[in-house]
Amino acid sequence: GDHRDLHSFPTRRSSDLPLPAASDPPVHKQYRDLLRPYFTQQATGAHEPRLRELARELMKPWLHTGRVEFVKDYAAKLAYASLFAAFLHSSDAADIEKFVEGADRIVQESTQDAYAHLMGLVQELLHKRRASGTDVDDMVGAVEAGTVDGRPLSENEKIGMIFSAVAAGFETNYATMALIMHQVVQHPELEARITGPDWAQRHLPEFMRFVTPVTGLIRTAEKDVE
């Protein structure tokens, strides 16, 4: 399939692009540093029990039927449910379903309206958090309290930061799951690799290198530079 990179926001103005992808050093590092603590091995490893639980829950409806529409009914739902649970401290099924549909619309259309719709969902997420008065140590909390160049982030910067995470973090994850499954279906002898005890340490990295859903990121220089 056509696995487009969700960072390819269809506009020529860098100010409209998701952050931190649309920034340059040295400010780029400041944006990245706001999110970096949530992606360390220790931080992500702490979510493993909950993510395993989510994976099992999503299997239940089809585990004994012998059939599943793998992308729509498993990979896409697991990708967003994991993202919400690990980084946004939410398990709201309605929110997750809206984001799945919004991200899928971007993959299918790659239009300005599709990106604007998903950014609108991100803004709703921010407003919902503010209305709840909940102070949570997650990505939303990080951009709300974070500073860049000694100033708080603007509303557009906050939306761009979260958008980048929920868009890119969704498409790459579900596409990788789908591509791995496609390889196993095409080459049944590979099934032994995904069922063995050394799957995550030995075989998963090799699968991800072989079927990576992102082949490149394009940056356009707006003026001559050295």
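This is a short tour of a predicted model, stop by stop, with something to select at each one.

**Stop 1: α4 against α8**

Start by selecting α4, residues 70–87, together with α8, residues 155–186. The axes of α4 and α8 come within 9 Å and cross at roughly 140°. That angle makes α4 oblique to α8, and the crossing is right-handed. Now show side chains. From α4, pick F70, V71, A75, A76, L78, A79, Y80 and L83; the partners from α8 are A165, V166, A167, F170, N173, Y174, M177, A178 and M181. Colour them by class and you get 16 nonpolar residues, 1 polar and no charged ones.

**Stop 2: α4 against α5**

Keep α4 on screen and add α5, residues 93–109. Here the packing angle is about 120°, with the axes 10 Å apart. The two helices are therefore oblique to each other, and α4 and α5 cross in the right-handed sense. On the α4 side, select A76, K77, Y80, A81 and F84; on the α5 side, select D95, I96, E97, F99, V100 and A103. The class colouring for this contact gives 8 nonpolar residues, no polar ones and 3 charged.

A76 and Y80 are worth a label while you're here: both appear in the α4 contact with α5, and both appear in the α4 contact with α8.

**Stop 3: an aromatic cluster at α4**

Hide α5 and zoom in on W62, F70 and Y74, which form one aromatic cluster. The structure holds 8 aromatic pairs. Take W62 and Y74 to begin with: their rings sit edge-to-face, 5.6 Å centre to centre, with 85° between the planes. W62 is in the loop between α3 (48–59) and α4, while Y74 is in α4 itself, so this pair ties together parts that are 12 residues apart in sequence.

Next, swing over to F70 and Y74. How are these two rings arranged, centre to centre and between the planes? They are tilted, at 5.7 Å and 35°. Both residues belong to α4, 4 residues apart, or about one turn of the helix.

Turn on a surface and check the burial. W62 and Y74 are both buried, with Y74 at a relative accessible area of 7%. F70 has 16%, and it counts as buried too. Remember F70 from the first stop, where it was among the α4 residues touching α8.

**Stop 4: α6 against α8**

Bring α8 back and select α6, residues 112–132. These two pack at an angle of about 110°, with their axes 9 Å apart, so α6 and α8 are roughly perpendicular to each other. This crossing is right-handed as well. On α6, show Y115, L118, M119, V122, Q123, L125, L126, H127 and R130; on α8, show E155, K158, I159, I162, F163, V166 and A167. The class count is 11 nonpolar, 2 polar and 3 charged. V166 and A167 may look familiar: they are also among the α8 residues that meet α4.

**Stop 5: M139**

Select M139, which is in the helix α7 (residues 139–145). Is M139 buried or exposed? With a relative accessible area of 1%, M139 is buried. Leaving out neighbours within four places in sequence, M139 touches L35, Y38, F39, F87, L88, I162 and A165. Of those, I162 was listed in the α6–α8 contact, and A165 in the α4–α8 contact. For one more label, draw a C-alpha to C-alpha distance from M139 to L34: 8.1 Å in space, against 105 residues in sequence.

**Stop 6: backbone oddities**

Switch to the backbone for the last stop. Most residues other than glycine have a negative phi, and most peptide bonds are trans.

- P25 to P26: this peptide bond is cis, with omega near 5°. P26 is in the segment before α1 (27–35).
- S110: phi is near 50°, a positive value in a residue other than glycine. S110 sits in the loop between α5 and α6 and is partly exposed, at 26% relative accessible area.
- D149: phi is positive here too, near 55°. D149 lies in the loop between β1 (147–148) and β2 (151–152), and at 57% relative accessibility it counts as exposed.

Methods: Residues numbered from 1 in each chain as written. Predicted model: local features only at pLDDT ≥ 70, side-chain atom pairs only at ≥ 80, totals over all residues. Heavy atoms only, no water. Axes fitted to C-alpha atoms, helices over the stretch in contact; angles between N-to-C directions. Parallel < 35°, antiparallel > 145°, perpendicular 65-115°, else oblique. Left-handed = near helix turned anticlockwise from the far one by under 90°. Contact = heavy atoms within 4.5 Å. Nonpolar A, V, L, I, M, F, W, Y, C, P; charged D, E, K, R; others polar. Buried < 20%, exposed > 50% of the residue type's maximum accessible area, 1.4 Å probe, protein only. Phe/Tyr/Trp six-rings, centres within 6.5 Å; stacked < 30°, edge-to-face > 60°.
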